[in-house]
Amino acid sequence: MTRVLMVCLGNICRSPLAEGILKSKVDSKEVEVDSAGTASYHIGKGPDPRSIATASRYNIDITDQRARQFTVEDFDKFDYIFAMDKSNYQNIIALTRDASDKAKVALMLDILEHPQVKEVPDPYYGGDQGFEHVFQLLDQATDLVVKRLNLK
Ligand code: 4NP
């Protein structure tokens with residue numbers, strides 16, 4: 001079993017999409033995918049309606065997800081931890097206990113060979129097109145996660 005954790009700030013916009021998209025590309029018997037937020041604001045809430053609508057346009061259902069906060073135990077549970085932006089990355093790195101924890105953490109878009117942007121932009125305060133852009137970036141990035149980690 002390979003375990004992958006997607007992390008953003010609130011766990012209601014970007015990382016729920018990342019979780020849903022990656023889940024749609026792998027076998028759940030072989031790959032466990034989860035998501036979390038570095039902040040506590042939205043614990044227990046479902047994804048933002050704009051993330052739900054965007055995923056739904058691509059036949060991905062993320063309505064059952066509930067926001068939770070990243071914890072230090074996630075370093076024990078997961079093999080790969082992908083941060084959506086540099087701020088999320090720094091927040092996770094600040095919680096690492098040793099080099100083994102640190103080696104599990106990567107910036108999501110660093111997996112792209114020629115990224116137009118280095119971070120998955122926070123779409124929370126923007127319009128609907130921000131969520132479509134996030135979806136497209138995560139669709140490209142998760143294709144490479146599947147390929148690089150040999151998940152298929
Ligand atoms: P996310 O987006 O980190 O992609 O889930 C955000 C959600 C909520 C807030 C910020 C970003 N917020 O400030 O409440």
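Here are four short exercises with worked solutions on this predicted model.

**Exercise 1. The sheet**

Work out in which order the strands of the open sheet are arranged, and which strands sit at its edges.

*Solution.* Start with the pairings around E3. Strand E1 (residues 2-8) runs parallel to strand E3 (residues 80-83), and 4 bridges join them. To pin down the register, look at Val7, which stands opposite Ala83 in E3.

Now go to the next pairing. E3 also pairs with strand E4 (residues 105-107), again in the parallel sense, over 3 bridges. Here Phe82 has Ala106 in E4 as its bridge partner.

Put the pieces together: 4 strands make up an open sheet with parallel pairing, in the order E2-E1-E3-E4. Strand E2 (31-37) and E4 are the edge strands, each pairing on one side only. As for twist, neighbouring strands of this sheet are turned by 25° against each other on average, ignoring direction.

**Exercise 2. Helices on the sheet**

Find which strands H1 lies across, then do the job again for helix H4 (residues 86-93).

*Solution.* Take H1 to begin with: this helix lies across E1 and E2, and runs at about 155° to E1. Then turn to H4, which lies across E1, E3 and E4. Against E4, H4 runs at about 170°.

**Exercise 3. Two helices against H6**

Describe how H2 and H1 each pack on helix H6, giving angle, axis distance, handedness and contact residues.

*Solution.* A reminder of what to look for: a pair of packed helices is described by the angle between the axes and the distance between them.

Step one is H2. Helix H2 (residues 49-57) packs on helix H6 (residues 128-148) at an angle of about 55°, and the axes are 10 Å apart. An angle of about 55° falls outside the parallel, antiparallel and perpendicular ranges, so H2 is oblique to H6. The crossing of H2 past H6 is right-handed. On the H2 side the contact is made by Arg50, Ser51, Thr54, Ala55 and Arg57, and on the H6 side by Asp128, Phe131, Glu132 and Phe135. Sorted by class, the residues of this H2 contact with H6 come out as 3 nonpolar, 2 polar and 4 charged.

Step two is H1. Helix H1 (residues 14-23) and H6 pack at about 45°, with axes 9 Å apart. That angle makes H1 oblique to H6. H1 passes H6 in a right-handed crossing. H1 brings Arg14, Leu17, Ala18, Ile21 and Leu22 to the contact, while H6 contributes Phe131, Val134, Phe135, Leu138, Asp139, Thr142, Val145 and Val146. By class, this contact of H1 with H6 holds 10 nonpolar, 1 polar and 2 charged residues.

**Exercise 4. A closer look at Val134**

Decide whether Val134 is buried or exposed, and list its contacts beyond four places in sequence.

*Solution.* Locate the residue before anything else: Val134 lies in helix H6. Next, check the accessibility. Val134 has 0% relative accessibility, and the cut-off for buried is under 20%, so Val134 counts as buried.

Then list the partners. With neighbours within four places in sequence left aside, Val134 is in contact with Arg14, Leu17, Val120, Pro121 and Pro123. To finish, try a distance: Val134 and Glu30 are 104 residues apart in sequence, and their C-alpha atoms are 26 Å apart in space.

Key. Residues numbered from 1 in each chain as written. Predicted model: local features only at pLDDT ≥ 70, side-chain atom pairs only at ≥ 80, totals over all residues. Heavy atoms only, no water. Pairing = 2+ DSSP bridges. Axes fitted to C-alpha atoms, helices over the stretch in contact; angles between N-to-C directions. Parallel < 35°, antiparallel > 145°, perpendicular 65-115°, else oblique. Left-handed = near helix turned anticlockwise from the far one by under 90°. Contact = heavy atoms within 4.5 Å. Nonpolar A, V, L, I, M, F, W, Y, C, P; charged D, E, K, R; others polar. Buried < 20%, exposed > 50% of the residue type's maximum accessible area, 1.4 Å probe, protein only.
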